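Good morning, and thank you for the time on the agenda. I would ask everyone to look at the sequence and the structure together as I speak.

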Amino acid sequence: MSAHKHGHGHGHDGDFDFDWAAMADLLELEGETHSPYVRQALDELKDLRPGRVLDIGSGPGVAACRLAETFPEAEVTAVDGSPELLARAEARAARLGVRLRTRAAEFPDGLAGLEPADLVWSAQVVHHVGDQQDALDRLARLLNPGGVLAIVEGGLPARFLPRDLGFGRPGLQERLDAAMAARFDRMRVELPGSVAVVEDWPEMLRAAGLSEVRSRTFLVEHRAPLGEGPRRSVRAVLERQRGLLDGLSTEDGETLDRLLDPSDPAGVDRRTDLFLLTAKTVHFGVRA
């Protein structure tokens with residue numbers, strides 16, 4: 001990716017210098033698990049006939065391949081700062097039999113060299129840049145007249161655990177969410193050139209010169225008992241949280257360890273009550 005996303009990007013300092021290539025498995029799993037919202041969001045654009053499509057911060061190419069499938073006549077390019085993730089995107093496209101180009105470019109500084117497009121998609125990338133408005137301005141400049149920018153930001157955190165697990169203190173997931181939110185706040189403050197802004201995404205798209213701005217939130221639901229892919233995604237998320245969050249109580253740490261124990265019947269690999277529920281918000285704007 002580049003200097004960005006929950007799943008793509010580089011360019012942070014200290015604790016937030018993410019190695020996105022090392023997270024490739026997690027990013028691909030997460031992308032596949034959350035892919036229903038991409039399909040729903042693209043249904044909103046079913047009347048669009050783009051000649052060129054860009055996925056900025058594409059990571060391993062899950063959404064980019066969906067774009068290529070949805071718009072088979074378009075030239076679809078996955079753009080990311082990680083050659084390793086772009087190689088994954090190419091392999092995925094070959095496996096699925098869709099046409100996909102790739103382009104190595106850092107976000108946001110490398111965008112100027114890209115050809116303009118009729119649809120620009122960028123998911124959970126902008127919040128990894130210090131100046132989010134500037135990043136949106138640059139993305140908007142990639143559009144041809146009449147082109148659409150689709151930004152995925154916001155929504156709801158994923159839920160997958162019952163409130164009471166049968167061990168540990170009830171409400172573990174809410175405490176994990178709070179700890180991750182605090183970590184996110186620290187990341188935003190420590191980003192180079194960080195600019196505080198009211199994160200009113202529709203208004204920010206208007207400030208970038210776009211019109212016909214609208215937002216839609218899409219539900220992603222995988223019911224219990226979870227299938228193999230979503231279950232592995234839940235495990236990967238909890239493993240990452242266990243490694244990132246050093247301020248957990250001893251009891252919560254022990255609860256997480258038990259959830260991640262593959263031999264424990266109450267762990268995430270074997271629980272029958274494990275589910276996955278989240279929501280993703282997509283903000284659309286049109287260049288006049």
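**A first tour of the model**

Of the 288 residues in this protein, 51% count as buried. Please keep in mind that this is a predicted model.

Let me begin with the overall architecture. The protein contains nine helices and seven strands. Along its principal axes, the C-alpha trace spans about 55 × 40 × 35 Å. A compact globule with 288 residues would have a radius of gyration near 19 Å, and the protein has 19 Å, so the two agree. As for the contacts with a separation of 6 or more, 76% of them come from residues 24 or more positions apart.

Next, the surface and the charges. The protein exposes about 12,800 Å², and carbon and sulfur atoms supply 49% of that area. There are 35 positive and 47 negative charges, and the mean positions of these two sets are 4 Å apart.

I now turn to one helix in particular, α2, which covers residues 35–43. Which residues of α2 are buried? They are Ser35, Tyr37, Val38, Ala41 and Leu42. These residues cover an arc of only 150° around the axis, and therefore lie on the same side of α2. What do the buried residues of α2 pack against? Their partners include two helices, α1 (24–33) and α3 (62–70). The strands β4 (117–123), β5 (143–159), β6 (210–222) and β7 (276–287) are also packed against by the buried residues of α2.

Two further helices each offer a residue to inspect. In helix α8, which runs over residues 228–244, we find Gln241. Is Gln241 buried or exposed? With a relative accessible area of 9%, Gln241 is buried, because the limit for that class is under 20%. Leaving aside residues up to four places away in sequence, Gln241 touches Leu176 and Met180.

The second residue is Val189, located in helix α6 (residues 172–190). Val189 has a relative accessible area of 65% and is exposed. Val189 and Gly130 are 59 residues apart in sequence, while their C-alpha atoms are 8.1 Å apart in space.

Let me move to the backbone, starting with two cis peptide bonds. One is the bond from Phe107 to Pro108, with omega near 5°. Pro108 sits in the loop between β3 (101–104) and β4. Another cis bond leads from Ala224 to Pro225, with omega near -5°. Where is Pro225? Its place is in the loop between β6 and α8.

Finally, I would draw your attention to two residues with positive phi, neither of them a glycine. For Gln124, phi is near 55°. Gln124 belongs to the loop between β4 and α5 (132–141), and with a relative accessible area of 14% this residue is buried. For Glu212, phi is about 50°. Glu212 lies in strand β6, and at 62% relative accessibility Glu212 counts as exposed.

To close, I return to two points. The buried residues of α2 share one side of that helix. Gln124 is buried, whereas Glu212 is exposed. Thank you for your attention.

Terms used: Residues are numbered from 1 along each chain as its sequence is written. This is a predicted model: local features need pLDDT of at least 70, side-chain atom pairs count only at pLDDT 80 or more; totals for chains, interfaces and linings use all residues. Side-chain values use heavy atoms; hydrogens and water are left out. Helices (H or I, at least four residues) and strands (E, at least two) are DSSP runs, numbered from the N terminus. The radius of gyration is taken over C-alpha atoms; the globule rule is 2.2 Å times the number of residues to the power 0.38. Buried means under 20% relative accessible area, exposed over 50%, partly exposed in between (1.4 Å probe, protein chains only). Contact means heavy atoms within 4.5 Å. Accessible areas come from the Shrake-Rupley method with a 1.4 Å probe; for residues, only the protein chains shown count as cover. Lys and Arg count as positive and Asp and Glu as negative; His and the chain ends are not counted. The place of a charge is taken as NZ of Lys, CZ of Arg, CG of Asp or CD of Glu. The arc is that of the directions from the helix axis to the C-beta atoms.
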